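Please open the model in your viewer and keep the selection tool at hand, since each stop below asks you to pick out one part and look at what lies around it.

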Amino acid sequence: MKGLEYSELENWVQEQGWKKFRAKQLAKWIHGKKVGSYDEMTDLSKDIRNYLKENTELNALELITYEKSKEDGSIKLLWRLEDGHTVETVFIPERGHNTICVSTQVGCAVGCTFCFTTKDGLIRNLTTAEIIDQYIQTQRFVGLENRISNVVFMGMGEPLANYENVKKAVRIMTDDRMLGLSNRKITISSSGIIHQIKKMYQDRDFPQVRLAVSLNAPDQKTRQMLMPISETNSLEELMETLNSLPVKTGYRIMLEYVLIKGVNDRPEDAHRLARLIGKNKKRYKVNLIPFNPYPGSPYERPEKERVERFHKILWQYNIGAFVRWSKGQDISAACGQLRKKDLGEKVSFLTKESLKANG
Ligand code: SAH
Ligand code: SF4
């Protein structure tokens with residue numbers, strides 16, 4: 001049920017021989033109150049509830065377990081999909097607002113050499129329902145009073161390689177009759193698949209949201225070494241594309257840059273990055289992400305001083321740059337540390353009550 005847009009939900013209820021207003025009722029329960037079962041939909045008759053139970057699936061995900069960071073309160077949730085695969089979502093409480101980082105694929109085909117998610121390649125795309133349910137069930141889990149206003153598509157997978165399902169999810173998120181989130185508070189992060197980025201900006205049905213692009217290197221040679229996708233989507237062409245996208249004012253493109261010790265974190269790299277941005281400073285902001293190590297990772301995280309030096313050079317060029325020390329380090333909920341889990345015997349079902357008990 002969570003994969004349907006509003007118009008589809010209306011069509012569906014009419015196909016069942018029901019009045020159109022049932023769509024509104026259903027959206028109120030599913031997207032508004034975020035109920036976990038049809039039984040909670042008290043203004044629907046018992047017959048209708050039974051019919052829904054027998055003929056549809058309300059939930060696309062089942063919570064297996066979660067971990068809460070003692071450092072910063074972020075929560076990583078692990079879900080089981082219908083076919084037994086698993087994905088993760090991260091809830092990030094911030095001052096004044098809450099953010100959720102959603103996954104769009106099981107694994108990833110892009111193969112960046114610094115990223116844990118891609119180690120087993122791509123298993124499959126997530127459905128729209130599986131993307132939307134990460135939001136709905138996480139919101140339910142943390143309590144409706146802790147409203148999640150911001151969504152970043154920065155979890156497992158390459159969102160633009162799952163274009164149609166992600167587009168539909170964004171349409172449901174921004175529809176006032178459904179999740180009602182603000183376009184400005186949704187960010188899609190891509191590794192830089194040029195034709196898909198262009199397509200997204202030309203697509204009138206794709207709500208205008210924020211774009212983040214993982215740059216990660218100031219020159220083609222280094223980028224190609226870190227991100228094999230750069231062989232066919234060159235840095236030069238990528239920058240030309242980004243420089244000419246019709247971005248709305250107040251929607252700066254975020255350039256993400258993972259800082260890896262000795263690879264792309266030298267002062268000359270910062271100068272080259274600044275030159276790459278050149279006169280288009282107002283179009284971008286730069287997010288510096290110190291590399292997050294994972295078991296067996298081939299790279300190291302730079303020391304704080306190296307990160308600060310890099311950061312400072314960008315500021316000297318008047319480039320808006322920010323260091324994002326990833327949240328949830330202690331629970332490996334940080335960028336690039338999410339990976340599908342093999343479900344062992346240690347599977348526990350947890351409730352909101354046990355979360356509270358665990359602090
Ligand atoms: N596939 C998309 C979105 C998911 S990755 C993309 O690549 O943009 C989200 C961000 O995490 C990207 O900016 C990526 O460069 C970063 N990332 C991946 N692995 C990382 C790691 N080990 N440490 C720090 N950041 C990492
Ligand atoms: Fe895929 Fe993004 Fe990881 Fe690259 S950084 S492998 S695109 S998830």
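Begin by selecting asparagine 216 together with ligand 1: a polar side-chain atom of asparagine 216 lies 3.4 Å from an oxygen atom of the ligand, which falls under the definition of a polar contact as a pair of N or O atoms within 3.5 Å. With ligand 1 still displayed, note that the protein buries 96% of the 530 Å² that this ligand exposes when taken alone, areas here being accessible areas from the Shrake-Rupley method with a 1.4 Å probe.

This is a predicted model, in which local features need pLDDT of at least 70 and side-chain atom pairs count only at pLDDT 80 or more, whereas totals for chains, interfaces and linings use all residues. Residues are numbered from 1 along each chain as its sequence is written, chains are lettered from A and ligands numbered from 1 in the order in which they are written, and side-chain values use heavy atoms, with hydrogens and water left out.

Add serine 189, where a polar side-chain atom lies 2.6 Å from an oxygen atom of ligand 1, and then phenylalanine 114, where a backbone N or O atom lies 2.9 Å from a nitrogen atom of ligand 1. Widening the selection to every residue with a heavy atom within 4 Å brings up the 21 residues that surround ligand 1, of which 10 are nonpolar, nine polar and two charged, with Gly counted as polar.

Next, select ligand 2, whose surrounding residues include Cys108, Cys112, Cys115 and Glu158; by class, this shell has four nonpolar, four polar and one charged residue.

Finally, show the helices as ribbons and select α4 (residues 128-142) and α5 (residues 163-174), whose axes come within 8 Å and cross at roughly 40 degrees. That angle makes α4 oblique to α5, because angles under 35 degrees count as roughly parallel, over 145 as roughly antiparallel, 65 to 115 as roughly perpendicular and the rest as oblique. For α9 (residues 267-277) and α10 (residues 304-316), the axes come within 9 Å and cross at roughly 30 degrees, so α9 and α10 are roughly parallel to each other.

How values were computed:
Polar contact = N/O pair within 3.5 Å; in protein donor to acceptor, adjacent residues only side chain to side chain. Axes fitted to C-alpha atoms, helices over the stretch in contact; angles between N-to-C directions. Helix = DSSP H or I, 4+ residues; strand = E, 2+ residues; numbered from the N terminus.
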